[in-house]
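This briefing concerns helix surroundings, helix packing and salt bridges in a single protein chain. Please consult the sequence and the structure while reading the points below.

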Amino acid sequence: MSKISLIKEDITKVHADAIVNAANSALLGGGGVDGAIHRVAGPGLPRECRKIGGCPTGEARITGGYNLPAKFVIHTVGPVWSGRAAEREDALLAGCYRNSLALAYENGVRTIAFPSISTGAYRFPVERASKIAVREIREFLDSHPGMEKVIIVCFGDEVFRAYEEALK
Ligand code: ADP
């Protein structure tokens, strides 16, 4: 059985030890998945995020999950796609997955759900992003047999199909 699963769902409803937020570098909430996570988590989340004070692109920070079913939120900041520095943008996106998984694992997380980082408002091409995501998740699982489950949560059919293809 594969430790990677692909679902169509609202990530705020997912029961996992942690869910990952596609945050912005201020960690102060925003639109898309970030807005949804903040709405459901409630006011404790922005309070904790303010104390952290921000997060550079490609890195990750951890907070509690507050009113979410998940115990933790891992906030990671994806690159904004310009296509003018594609290799650098690829590396930053890979860093989001790697650093989120490592930080989660250090905090005892064994089941974790990711949204499709950077492919919404940050315009990263989803086919390209899905290949990077799947590669990084597989590498992490290979080197961390204790990680039990990574769920890729897709919002929309196009995103789902891209990840389905990347997993083949
Ligand atoms: P980014 O700024 O990193 O591009 P977005 O939130 O704009 O982040 O989009 C990232 C992905 O998250 C998109 O595929 C978007 O459709 C998806 N998304 C938006 N809301 C949710 C949600 N509640 N659960 C899961 N995925 C979501």
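Is K8 buried, partly exposed or exposed, judged by relative accessibility? K8 counts as partly exposed, because its relative accessibility is 47%, and a residue must be over 50% to count as exposed. The model is a predicted one. It holds seven salt bridges, and K8 takes part in one of them, with D157.

**Salt bridges between distant parts of the chain**

- The side chains of K8 and D157 approach to 2.7 Å, N to O, in their salt bridge.
- This pair joins strand β1 (residues 4–8), which holds K8, to helix α5, which holds D157, across a separation of 149 residues.
- D157, like its partner, is partly exposed, at a relative accessible area of 43%.
- R98 and E136 form another salt bridge through their side chains, at 3.0 Å from N to O.
- Here the link runs from helix α3 (residues 86–106), the location of R98, to helix α4, the location of E136, and the two residues are 38 apart in the chain.
- The two partners differ in burial: R98 is partly exposed at 41% relative accessibility, whereas E136 is buried at 3%, since the limit for burial is under 20%.
- R98 and E136 also belong to a network of salt bridges that includes R135.

**A further salt bridge**

- E59 and R61 are paired in a salt bridge whose closest N and O atoms lie 3.1 Å apart.
- Both residues are partly exposed: E59 has a relative accessible area of 33%, and R61 one of 25%.

**Packing of α4 and α5**

- Helix α4 (residues 126–143) packs with helix α5 (residues 157–166) at an angle of about 50 degrees, and their axes are 9 Å apart.
- The two helices are therefore oblique to each other.
- The crossing of α4 past α5 is right-handed.
- On the α4 side, the contact is made by V126, E127, A129, S130, K131, A133, V134 and R138; on the α5 side, by E158, V159, A162, Y163 and A166.
- Classified by residue type, this contact comprises eight nonpolar, one polar and four charged residues.

**Helix α1 and its surroundings**

- In helix α1 (residues 32–41), the buried residues are D34, G35, A36, I37, H38 and A41.
- Elements covering these buried residues include β2 (18–23), α2 (44–52) and β4 (72–77).
- G42, just after α1, adopts a positive phi of about 90 degrees.

Note on methods:
Residues numbered from 1 in each chain as written. Predicted model: local features only at pLDDT ≥ 70, side-chain atom pairs only at ≥ 80, totals over all residues. Heavy atoms only, no water. Buried < 20%, exposed > 50% of the residue type's maximum accessible area, 1.4 Å probe, protein only. Helix = DSSP H or I, 4+ residues; strand = E, 2+ residues; numbered from the N terminus. Contact = heavy atoms within 4.5 Å. Axes fitted to C-alpha atoms, helices over the stretch in contact; angles between N-to-C directions. Parallel < 35°, antiparallel > 145°, perpendicular 65-115°, else oblique. Left-handed = near helix turned anticlockwise from the far one by under 90°. Nonpolar A, V, L, I, M, F, W, Y, C, P; charged D, E, K, R; others polar. Salt bridge = Lys/Arg side-chain N within 4 Å of Asp/Glu carboxyl O.
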